[in-house]
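Could you walk me through this protein in my viewer, one selection at a time? I would like to know what to pick next and what I will find there.

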Amino acid sequence: MFCSCLSHIWTCMIVFLSFLATGTTTDAEPVQWTLAAHNHAISRCPNAGNYFEADACMAVAAWMGATAFNYHRSSGACVLRACSGDLAVIAAMAPVEPDYNIYIKADLGFSLAASGRAIAIDQCPTAGDFPGVTACAFVADVIGVRAFNFAYGTVDCVLRNCVGDLAAMAAASPSYPGYDVYVKIAVDNTTSTPSCAYGELEV
């Protein structure tokens, strides 16, 4: 209990210091963090700070120049990473680290729904191939596609024109090592892994 109180005091101090440094509060313009990978942790980007809980990481990310963080699900601790480039690709190619999640500073409108799987063509028609998650997410929004498969080895993705329960489709998609399934984030909770703003972290 005492440690928990100290942890929250530390978080408040971090938020206050962030306010002093930036002249604004984190609630004024919430930063969107997207869950990019399960059981992986980024190691290739510079360390921008280690903190006791994810709230602290999210509060000071901009101040510390961080664009991603590794979140340890058991302890709640996190490690800020100052990455540049395609954050979704960096997360997808990060080393395997059990009990870790990777969050990236992005509001792509899509979220990781299944790892090691790919939506098959008999589930949803193909709507085009593109290089990189950000390219797929952009084109998908333009043409109204709600899901895509991402091959993190080749950094290629395939748009899938799916209709219906996206989370269920992703979960039922065939096993396909080296691929991840991303689905459109919707306000009606048709997906199980929405992106989160400050203070709303998934575990």
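Start with the sheet whose five strands run in the order 1-5-3-4-2; this sheet is open, and its pairing is antiparallel. Keep in mind as you look that this is a predicted model. Now colour strand 1 (33–40) and strand 2 (47–51), which stand at the edges. Each of these two has a single partner strand, so one side of each is left without a neighbour in the sheet. Turn the view to look across the strands: the twist averages 20° from one strand to the next.

Next, select helix 2 (residues 54–64), which packs on this sheet. Helix 2 touches strand 1, strand 2, strand 3, strand 4 and strand 5 (96–105), and its direction makes about 15° with that of strand 4.

**Zoom in on strand 3**

Select residues 68–72, which are strand 3, together with residues 78–81, which are strand 4. The two pair in the antiparallel sense over four bridges. Which residue of strand 4 is the bridge partner of alanine 68? It is arginine 81. Further along, tyrosine 71 stands opposite cysteine 78 in strand 4. Follow the chain around the turn, and you will see that strand 3 and strand 4 form a hairpin with five residues between them. In that turn, glycine 76 has a positive phi of about 85°.

Now look at the other partner of strand 3. Five bridges join strand 3 to strand 5, and the two run antiparallel. One place to look is histidine 72, which stands opposite tyrosine 100 in strand 5.

Are the residues of strand 3 buried or exposed? Five of its five residues are buried. Show the side chains and you can check both faces: Ala68, Asn70 and His72 lie on one side, Phe69 and Tyr71 on the other, and all are buried. While those side chains are on display, add Trp33 and Tyr103: ring pairs link Trp33, Phe69, Tyr71 and Tyr103 into a cluster.

**On to the second sheet**

Select the strands in the order 6-10-8-9-7, which form an open sheet of five with antiparallel pairing. Strand 6 and strand 7 (126–131) stand at the edges of this sheet. Each has a single partner strand, so one side of each has no neighbour in the sheet. Neighbouring strands here are turned by 25° against each other on average, direction ignored.

Pick out strand 7 and strand 9, which run antiparallel and are joined by four bridges. Within this pairing, threonine 126 has arginine 160 in strand 9 as its bridge partner. Then add helix 4, which packs on the sheet. Helix 4 touches strand 6, strand 7, strand 8, strand 9 and strand 10, and its direction makes about 20° with that of strand 9.

**Into the cores**

In soluble globular proteins, nonpolar side chains tend to be buried together. To see this here, go to the largest nonpolar core, which has 30 residues. Which of them touch the most other members? They are Ile42, Ile104, Phe148 and Phe150. Strand 1, helix 3 (87–92), strand 5, strand 6 (110–117), helix 4 (133–143), strand 8 and strand 9 (156–160) each supply at least two residues of this core. Helix 3 gives the most, with six residues. Apart from this core lies another, of 17 residues, among them Ala48, Ala56, Tyr71 and Leu80.

**A close look at phenylalanine 148**

Centre the view on phenylalanine 148. Leaving aside its neighbours within four places in sequence, phenylalanine 148 is in contact with residues including Phe110, Val133, Ala137, Leu159 and Tyr182. Both phenylalanine 148 and tyrosine 182 are buried. The centres of their rings are 5.3 Å apart and the planes are at 10°, so the pair is stacked. Phenylalanine 148 lies in strand 8 (residues 147–151) and tyrosine 182 in strand 10 (residues 175–184), so to speak a link between distant parts of the chain, 34 residues apart.

**Step back**

Finally, zoom out to the entire protein, with its five helices and 10 strands. Of its 203 residues, 46% count as buried. Among contacts between residues at least 6 apart in sequence, 75% join residues at least 24 apart. Switch on the surface to end the tour: the protein exposes about 9,700 Å², and carbon and sulfur atoms supply 61% of it.

Definitions and conventions. Residues are numbered from 1 along each chain as its sequence is written. This is a predicted model: local features need pLDDT of at least 70, side-chain atom pairs count only at pLDDT 80 or more; totals for chains, interfaces and linings use all residues. Side-chain values use heavy atoms; hydrogens and water are left out. Rings of Phe, Tyr and Trp (its six-membered ring) pair if their centres lie within 6.5 Å; planes under 30 degrees apart count as stacked, over 60 as edge-to-face and the rest as tilted. Buried means under 20% relative accessible area, exposed over 50%, partly exposed in between (1.4 Å probe, protein chains only). Two strands pair if DSSP finds at least two bridges between them. Axes are lines fitted to C-alpha atoms, for helices over the stretch in contact, and angles run from 0 to 180 degrees between N-to-C directions. Contact means heavy atoms within 4.5 Å. A nonpolar core is a set of buried Ala, Val, Leu, Ile, Met, Phe, Trp, Tyr and Cys residues joined through side-chain atoms within 4.5 Å. Accessible areas come from the Shrake-Rupley method with a 1.4 Å probe; for residues, only the protein chains shown count as cover.
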